[in-house]
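Please look over the sequence and the model below, and then read the report that follows, which moves from single residues to the chain as a whole.

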Amino acid sequence: MNSLSPRAAVGLFLIVVLAWGVNWSVTKQLVQFLPPLWASAIRSWIALAGLFVILGLSNNLVIPERRDIPVVLSVALLHMTIFSVLVAAGVRFLPASKAIVLGYTTPLWVAIAAPLLGKDALTAPKLAGALLGLIGLAVILNPTSIDWTNSNVVLGAGMVILAAMSWAANIIYIRAHHWIASPLQLLIWQVLVATIVLTVSALITEGLPHAELSRKLILLFLYSGLIGTALAYWAMSMVNRSISALTTALGTTGTPLVGIASAAILLSEPIDMSLAIAAALIVTGIGLATLGDRLRSQAAARG
């Protein structure tokens with residue numbers, strides 16, 4: 001499929017940001033019905049069916065070559081499995097608004113870890129961005145924001161932060177991978193692997209799922225599987241073909257802001273001062289770290 005027009009790409013990108021932001025509040029509700037593993041597995045089955053239709057209609061169903069198998073496994077296990085399950089588990093004990101701010105610290109962990117692994121250079125903007133983000137993390141984790149006497153709350157925060165680190169590890173690997181098929185063509189295989197792993201893990205640890213089927217539960221799963229996962233992944237792949245990496249990276253910083261707003265509207269979660277300050281610091285830090293990447297790339301190109 002050809003690149004989108006600028007207007008269509010921006011419109012699709014806004015849909016992605018809205019879909020991902022609202023999905024945190026949806027996940028918060030899903031784990032009230034089912035354990036995190038089953039919530040993630042069922043959502044993944046729905047997403048797999050949706051992507052099969054979308055990619056089939058756009059002629060993007062291919063058999064991956066052997067050299068692309070590592071990146072299929074990386075995305076499937078680190079992002080679609082570990083990240084998804086840890087977020088679903090953590091959000092049981094945390095407000096969705098605070099969970100999404102912690103979850104979107106991923107670019108900060110990339111900015112810190114990549115130079116340590118020799119995968120990137122630590123520029124001044126990236127260092128400043130990482131420091132701002134860590135300060136924001138400290139703000140949201142302070143005792144007036146997170147109840148450190150509640151072990152479940154602390155566990156939830158820890159799981160979401162680990163989820164962000166897992167996503168960061170996946171991003172670092174993806175940057176080093178030499179793609180044969182396009183990310184869009186490999187998407188369904190990544191979801192397939194994740195779906196199998198999630199389902200088998202859920203069956204082993206939880207047994208068959210037990211939940212009273214209701215209209216609300218069906219709608220939550222349809223949103224999370226079709227809109228929050230299948231449509232959002234496909235749309236982001238299309239957007240990446242049509243908008244610069246800098247624009248998309250900076251634009252995704254709007255996702256936690258949408259998440260905070262949707263949690264306030266859908267779940268009546270309060271937006272306290274520490275949450276607002278932490279979100280502002282982390283989003284600004286991500287922006288600086290992203291700009292640092294861009295400046296380094298431009299300098300390398302000029303060199």
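A residue is called exposed when its relative accessible area is over 50%, and buried when that area is under 20%. Ser-268 in this predicted model has a relative accessible area of 63%, and because this value is over 50%, Ser-268 counts as exposed. Ser-268 also has a phi near 60°, which is a positive value in a residue other than glycine. Asn-59 is likewise a residue other than glycine with a positive phi, near 60°, and with a relative accessible area of 69% it is exposed. The table sets out where each of these residues is found.

| Residue | Phi | Relative accessible area | Loop between |
|---|---|---|---|
| Asn-59 | near 60° | 69% | helix H2 (36-57) and helix H3 (69-90) |
| Ser-268 | near 60° | 63% | helix H11 (254-266) and helix H12 (273-302) |

Turning to the whole chain, there are 12 helices and 0 strands. The radius of gyration is 19 Å, close to the 19 Å that the globule rule gives for 303 residues, so the chain is as compact as a globular protein of that length. Along its principal axes, the C-alpha trace spans about 60 × 50 × 35 Å.

Of the 303 residues in the chain, 51% are buried, and among contacts between residues at least 6 apart in sequence, 90% join residues at least 24 apart. The accessible surface of the chain comes to about 14000 Å², with 70% of it belonging to carbon and sulfur atoms. As for charge, the chain has 16 positive and 9 negative charges, whose mean positions are 9 Å apart.

Note on methods: Residues are numbered from 1 along each chain as its sequence is written. This is a predicted model: local features need pLDDT of at least 70, side-chain atom pairs count only at pLDDT 80 or more; totals for chains, interfaces and linings use all residues. Side-chain values use heavy atoms; hydrogens and water are left out. Helices (H or I, at least four residues) and strands (E, at least two) are DSSP runs, numbered from the N terminus. The radius of gyration is taken over C-alpha atoms; the globule rule is 2.2 Å times the number of residues to the power 0.38. Buried means under 20% relative accessible area, exposed over 50%, partly exposed in between (1.4 Å probe, protein chains only). Contact means heavy atoms within 4.5 Å. Accessible areas come from the Shrake-Rupley method with a 1.4 Å probe; for residues, only the protein chains shown count as cover. Lys and Arg count as positive and Asp and Glu as negative; His and the chain ends are not counted. The place of a charge is taken as NZ of Lys, CZ of Arg, CG of Asp or CD of Glu.
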